[in-house]
Amino acid sequence: MADSTQIQEHMEILGSDGEHVGTVDRLDGARMKLTRTDPAAGGEHHFIHVDSVESVEDGKVRLNRTGAQARDEWGVESVGGFTAEDHEHGAEPGSARVGP
């Protein structure tokens, strides 16, 4: 596994096969949160565990699995899910969140 401290916002994430997987939004603990605006994201934030990172070089994050395998395994921030950000904005679990 590569040193996750080298991972920075807006780095391209590539599978071991060179296939584009996404773009880093930020590190979220032991996971990389991918931007939802990336064409590969389908409008949703996805998460990839840093254990999947093979290397970080030349401004790119290369995974130890193919692009297809990474997409099969990535976690999705569900629309109705309750996140720490919701808590900071006063939302209650199970409540509808309106706005960004």
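**Exercise 1. The nonpolar core**

Which residues have the most contacts inside the largest nonpolar core, and how many residues does this core have?

*Solution.* The model worked on here is a predicted one. Begin with the core itself: the largest nonpolar core has 16 residues, and those with the most contacts inside it are Ile13, Met32, Val61 and Leu63. Next, ask which elements supply it: strand 2, strand 3 (31-34), strand 5 and strand 6 (60-63) each give two or more residues to this core. Then take Val61 as an example and, leaving aside its neighbours within four places in sequence, list its contacts, which are Ile7, Met11, Glu12, Ile13, Leu14, Val24, Met32, Val53, Ser55 and Val56. Two names in that list, Ile13 and Met32, also stand among the core residues with the most contacts. For the protein as a whole, 33% of the 100 residues count as buried.

**Exercise 2. The sheet and its hairpins**

Work out the order of the strands in the sheet, and then describe how strand 1, strand 2 and strand 3 are joined.

*Solution.* First take the inventory: the secondary structure comes to 2 helices and 7 strands, and from the N terminus on the elements run β-β-β-β-β-β-α-β-α. Second, place the strands side by side: the 7 strands form an open sheet in the order 5-6-1-2-3-4-7, with mixed pairing. The edges are strand 5 (53-57) and strand 7 (75-76), each of which pairs on one side only.

Third, look at strand 1 (residues 12-14) and strand 2 (residues 20-28), which pair in the antiparallel sense over 3 bridges; within this pairing, Glu12 has Thr23 of strand 2 as its bridge partner. These two strands form a hairpin with 5 residues between them, and in its turn Gly18 has a positive phi of about 85°.

Fourth, move on to strand 2 and strand 3, which run antiparallel and are joined by 4 bridges. Here Asp28 stands opposite Arg31 in strand 3. The hairpin of these strands has 2 residues between them, and Gly29 takes a positive phi near 70°. Arg31 has a further partner, since its position is over the face of Phe47, at 3.8 Å from the ring centre. As for pairs of aromatic rings, a search of the whole structure finds 0.

**Exercise 3. Two histidines in succession**

Are His45 and His46 buried or exposed, and which backbone oxygens do their side chains reach?

*Solution.* Locate the residues first: His45 lies in the loop between strand 3 and strand 4, whereas His46 lies in strand 4 (residues 46-49). Then apply the cut-off, by which a residue is buried under 20% relative accessible area. His46 has a relative accessible area of 5% and is therefore buried; His45, at 11% relative accessibility, also counts as buried.

Now turn to the side chains. A polar atom in the side chain of His45 lies 2.9 Å from the backbone oxygen of Leu34, while the side chain of His46 reaches the backbone oxygen of Ala41 at 2.9 Å. Leaving aside neighbours within four places in sequence, His46 is in contact with Met32, Lys33, Leu34, Ala41, Trp74, Gly75 and Val76. Finally, compare sequence with space: His46 and Arg71 are 25 residues apart in sequence, and their C-alpha atoms are 8.8 Å apart. Across the protein, 43% of contacts between residues at least 6 apart in sequence join residues at least 24 apart.

**Exercise 4. Positive phi outside glycine**

Where do His10 and Asp58 lie, and are they buried or exposed?

*Solution.* Start from the backbone angle: His10 has a positive phi of about 75° although it is not a glycine, and Asp58, also a residue other than glycine, has a positive phi near 55°. Then place each residue: His10 lies in the segment before strand 1, and Asp58 in the loop between strand 5 and strand 6. The last step again needs a cut-off, since a residue is exposed only when its relative accessible area is over 50%. With a relative accessible area of 63%, His10 is therefore exposed, and Asp58, at 75% relative accessibility, counts as exposed too.

Technical notes:
Residues numbered from 1 in each chain as written. Predicted model: local features only at pLDDT ≥ 70, side-chain atom pairs only at ≥ 80, totals over all residues. Heavy atoms only, no water. Pairing = 2+ DSSP bridges. Phe/Tyr/Trp six-rings, centres within 6.5 Å; stacked < 30°, edge-to-face > 60°. Lys NZ or Arg CZ within 6 Å of the ring centre and 35° of its normal. Core = buried A, V, L, I, M, F, W, Y, C linked by side-chain atoms within 4.5 Å. Buried < 20%, exposed > 50% of the residue type's maximum accessible area, 1.4 Å probe, protein only. Contact = heavy atoms within 4.5 Å. Polar contact = N/O pair within 3.5 Å; in protein donor to acceptor, adjacent residues only side chain to side chain.
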